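Please open the structure in a viewer and keep the selection tool at hand. The tour below proceeds by selections, each followed by a description of what is found there.

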Amino acid sequence: MNVRLLLGVLLAFLLILAGCNKETDTAQHKKEKTKEGKIKIVEEKSYTLVDSITHDHVLSYSAVIKNESDKTLNVNDTTIKYVNKTGKVIDPHIIPNDPDVHLAPYILKPGEEGYISAEGIINKEPDTYDVKVKINPIKPASDVKSLKVKEDAMNQEKENHILHITGTATNNTKQSIEYILVGAAVYGKHDEFIGTTFQSEEAQLTPGKSISFDSTSSQIPDKELAKVKTYKVVASTYQE
């Protein structure tokens, strides 16, 4: 009888131990899965303004995002919705649910930052609104290559309320490239985030060749543009 009791206790102990290991493994798997797809919004700004040329009311959104996972991720599947205080999309017949969203770069290596620039047109300035951002990171099908940036500068076209980040991008890879993406983030005197600029350009560049770029934004109000003092700019391309 004592032997049977001892065997029963031992079996129960082994089952409990196996269950604990399974829970630990499951928790670790969930933790790793979360880490794999983690994209953090580091900085963000949203503005309402009137376009100086079309006179449309515009909602704009800018953000700096960072890949905090341990894998390279494609973040091109990013959607943005502008919603009112009740949670409904503002002017759904005029502004698309997923307005123009530009990302540069849109493939991020671990620890790398990218820039979002987005805008939507509405028929009148909203009283209050919120921005809903959804980023669906996936495994990239192509490889991101950073390009060398030089002779970069910042200037403002005040009459048209446009911010320019200019410079040259050099193909420092070993392959020819067909296009470049340029993104920049601009900051104030105390390193406060103000907004982003974007450019996508076809560029038939063989290794070692360069092309000039002009990454712009017309979606930052004049009051905020006046505060801009510094910037960060990146140029990239993608190869299969």
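Strands, like helices, are taken here as DSSP runs, a strand having at least two residues, and they are numbered from the N terminus. By that reckoning, Tyr-187 belongs to strand E11, which covers residues 177-187. The model on display is a predicted one.

**The whole chain**

Begin with the entire protein, coloured by secondary structure. Two helices and 14 strands make up its secondary structure. Of its 240 residues, 37% count as buried. Among contacts with a separation of 6 or more, 72% are between residues 24 or more positions apart.

Next, colour by pLDDT. The mean for the protein is 81, and 79% of the residues reach 70 or more. Select residues 13-18: pLDDT stays under 50 there, and the model has zero contacts for them beyond four places in sequence. Then select residues 20-36, where the pLDDT is also below 50; this stretch has seven contacts in the model beyond near neighbours in sequence. Where pLDDT is low, the predicted coordinates should not be read in detail.

**The open sheet**

Select strands E1, E2, E7 and E5. They form an open sheet in the order E1-E2-E7-E5, with antiparallel pairing. Which strands lie at its edges? They are E1 (39-50) and E5, each of which pairs on one side only. On average, and with direction ignored, neighbouring strands of this sheet are turned by 15° against each other.

Now restrict the view to E2 and E7. Their antiparallel pairing extends over 10 bridges. To see one position in this part of the sheet, select Lys-66, whose bridge partner in E7 is Glu-113.

**Two nonpolar cores**

Display the side chains of Tyr-61, Ile-65, Val-75, Ile-80, Tyr-82, Tyr-106 and Ile-116. These residues have the most contacts inside the largest nonpolar core, which has 24 residues. At least two residues of this core come from each of E2 (57-67), E4 (78-83), E5 (100-104), E6 (107-108), E7 (113-122) and E8 (130-135). E2 gives the largest share, four residues. Another core, of 21 residues, lies apart from this one; Tyr-47, Val-186, Ile-220 and Val-228 are among its members. In soluble globular proteins, nonpolar side chains tend to be buried together.

**Aromatic rings**

Turn to the aromatic side chains. The whole structure contains four aromatic pairs. In one of these, the ring centres of Tyr-106 and Tyr-238 are 4.4 Å apart and the planes meet at 25°, so the pair is stacked. Tyr-106 lies in the loop between E5 and E6, while Tyr-238 is in strand E14 (residues 230-239), so the pair ties together parts that are 132 residues apart in sequence. Both Tyr-106 and Tyr-238 are buried. Add Tyr-179 to the selection: ring pairs link Tyr-106, Tyr-179 and Tyr-238 into a cluster.

**Strand E9 and its partners**

Select E9 with E10 (residues 162-170). The two run antiparallel and are joined by eight bridges. E9 and E10 form a hairpin with four residues between them, and His-161 in the turn has a positive phi of about 60°. In E10, His-164 is the bridge partner of Asn-155. E9 is also joined to E14, by five bridges and again in the antiparallel sense. Val-144 stands opposite Tyr-238 of E14.

Within E9 (residues 143-157), select Met-154. Is this residue buried, partly exposed or exposed? Met-154 is partly exposed, because its relative accessible area is 26% and that class lies between 20% and 50%. Beyond residues up to four places away in sequence, Met-154 touches Leu-163, His-164, Ile-165, Val-186, Val-228, Lys-229, Thr-230 and Tyr-231. Gly-167 is 13 residues from Met-154 in sequence, and their C-alpha atoms are 8.9 Å apart.

**Tyr-187 in E11**

End at Tyr-187. At 8% relative accessibility, Tyr-187 counts as buried, because the limit for that class is under 20%. The residues that Tyr-187 touches, leaving out those up to four places away in sequence, include Val-64, Glu-192, Phe-193, Val-228 and Tyr-231. Finally, select Glu-224: 37 residues separate it from Tyr-187 along the chain, and the two C-alpha atoms are 9.8 Å apart.

Note on methods
Residues are numbered from 1 along each chain as its sequence is written. This is a predicted model: local features need pLDDT of at least 70, side-chain atom pairs count only at pLDDT 80 or more; totals for chains, interfaces and linings use all residues. Side-chain values use heavy atoms; hydrogens and water are left out. A nonpolar core is a set of buried Ala, Val, Leu, Ile, Met, Phe, Trp, Tyr and Cys residues joined through side-chain atoms within 4.5 Å. Buried means under 20% relative accessible area, exposed over 50%, partly exposed in between (1.4 Å probe, protein chains only). Contact means heavy atoms within 4.5 Å. Rings of Phe, Tyr and Trp (its six-membered ring) pair if their centres lie within 6.5 Å; planes under 30 degrees apart count as stacked, over 60 as edge-to-face and the rest as tilted. Two strands pair if DSSP finds at least two bridges between them. Axes are lines fitted to C-alpha atoms, for helices over the stretch in contact, and angles run from 0 to 180 degrees between N-to-C directions. pLDDT is the predictor's confidence in each residue, from 0 to 100.
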